[in-house]
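Student: I have a structure to go through with you. Can we take it one question at a time?
Tutor: Yes. Put it up and ask.

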Amino acid sequence: MQDCIFCKIVRKEIPSKAAYEDELVYAFHDINPVAPTHILIVPKRHIVGVQTLEREDESIVGHMFYVARKIGEELGHAPDEYLKGGYRLVFNVGKDAGQSVFHLHLHFIAGRRMEWPPG
Ligand code: AMP
């Protein structure tokens, strides 16, 4: 997509701080972090969001979660025995849910204690 900001970031036309990259996804640090670690995991192919997912997109979404696990381990946020540490993974789906960029992205948020329910 020509005008999509995340497509431009994927193409390196807009600078970003990389966290992970492979042939399918690019992960970079959020410009306005809500926690000490805030990374966006983005498919390189343009998908608007969860609201437009097709059956053919199932594998890329699974891969995004696998990359989240890898980032968690690499940055030392993996839960210890599923008790200590950890991170939050978020898809905002639609404007009322807080989606502001309409290119699918998984928020990886860590480094502080999370509250529930989210605001
Ligand atoms: P959402 O509100 O769920 O659509 O998330 C979009 C996220 O993209 C927000 O957390 C923004 O801070 C982030 N963002 C917007 N522009 C950039 C950019 N140029 N580089 C990094 N993160 C960005």
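Student: Which pocket does the ligand take up?
Tutor: This is a predicted model. The pocket search is run over the protein atoms alone. The space that the ligand takes is the largest pocket.

Student: Which elements give two or more residues to the shell around the ligand?
Tutor: Go through the helices and strands by their share of the shell. One of those that give two or more is strand 2, residues 25-29. The other is helix 1, residues 5-10.

Student: Which element gives the most to that shell, and how many residues?
Tutor: Compare the contributions by element. Helix 1 comes out on top. Its share of the shell around the ligand is three residues.

Student: Which residues come nearest to the ligand?
Tutor: The ligand has 16 residues around it. A residue enters that set with a heavy atom within 4 Å. The nearest of them are D30, N92, G98, S100 and H107.

Student: What is the make-up of the shell by class?
Tutor: Sort the shell residues into three classes. Seven are nonpolar and eight are polar. The charged class has one.

Student: How far is the side chain of N92 from an oxygen atom of the ligand?
Tutor: Look at the N or O atom in the side chain of N92. Its partner is an oxygen atom of the ligand. The cut-off for a polar contact is 3.5 Å. The distance for N92 is 2.8 Å.

Student: Which backbone atoms lie 2.7 Å from an oxygen atom of the ligand?
Tutor: Turn from side chain to backbone. For G98, a backbone N or O atom lies 2.7 Å from a ligand oxygen. A polar backbone atom at 2.7 Å from a ligand oxygen also comes from S100.

Student: How much of the ligand's area does the protein bury?
Tutor: Start with the ligand taken alone. It then exposes 500 Å². The part of this that the protein buries is 84%.

Student: Is H105 buried or exposed?
Tutor: H105 sits in the loop between strand 4 (87-90) and strand 5 (106-110). Its relative accessibility is 7%. The limit for buried is under 20%. So H105 counts as buried.

Student: Which residue's backbone oxygen lies 2.6 Å from the side chain of H105?
Tutor: The H105 side chain supplies a polar atom. The backbone oxygen at 2.6 Å from that atom belongs to H103.

Student: Where is the cis peptide bond, and what is its omega?
Tutor: Check the segment after strand 5, where P117 is placed. The cis bond joins W116 and P117. Omega there is about 5°.

Student: What is phi of K12?
Tutor: K12 is in the loop between helix 1 and strand 1 (18-21). At 47% relative accessibility, K12 counts as partly exposed. K12 is not a glycine, yet its phi is positive. The value is near 65°.

Student: Is C7 buried or exposed?
Tutor: C7 belongs to helix 1. Its relative accessibility is 4%. Buried means under 20%. C7 therefore counts as buried.

Student: How far apart in space are K44 and C7?
Tutor: K44 is in the loop between strand 3 (37-43) and helix 2. K44 is partly exposed, at 27% relative accessible area. Along the chain, K44 and C7 are 37 residues apart. Their C-alpha atoms are separated by 7.1 Å.

Student: And how far is C7 from R45 in space?
Tutor: In sequence, C7 and R45 are 38 residues apart. From C-alpha to C-alpha, the distance is 7.9 Å.

Student: What separates the C-alpha atoms of L75 and A110?
Tutor: L75 lies in the loop between helix 2 (58-74) and strand 4. At 41% relative accessibility, L75 counts as partly exposed. L75 and A110 are 35 residues apart along the chain. Their C-alpha separation is 9.7 Å.

Student: Last one. Is K95 buried or exposed?
Tutor: K95 is placed in the loop between strand 4 and strand 5. Its relative accessible area is 68%. The bar for exposed is over 50%. So K95 is exposed.

Key:
Residues numbered from 1 in each chain as written. Predicted model: local features only at pLDDT ≥ 70, side-chain atom pairs only at ≥ 80, totals over all residues. Heavy atoms only, no water. Polar contact = N/O pair within 3.5 Å; in protein donor to acceptor, adjacent residues only side chain to side chain. Areas by Shrake-Rupley, 256 points an atom, 1.4 Å probe, with all protein chains shown as cover. 1 Å grid on protein atoms, 1.4 Å probe; cavity = no way out; pocket = protein on both sides within 12 Å on 5 of 7 lines; lining within 4 Å. Sits in = over half its atoms within 2 Å of the grid points. Helix = DSSP H or I, 4+ residues; strand = E, 2+ residues; numbered from the N terminus. Nonpolar A, V, L, I, M, F, W, Y, C, P; charged D, E, K, R; others polar. Buried < 20%, exposed > 50% of the residue type's maximum accessible area, 1.4 Å probe, protein only.
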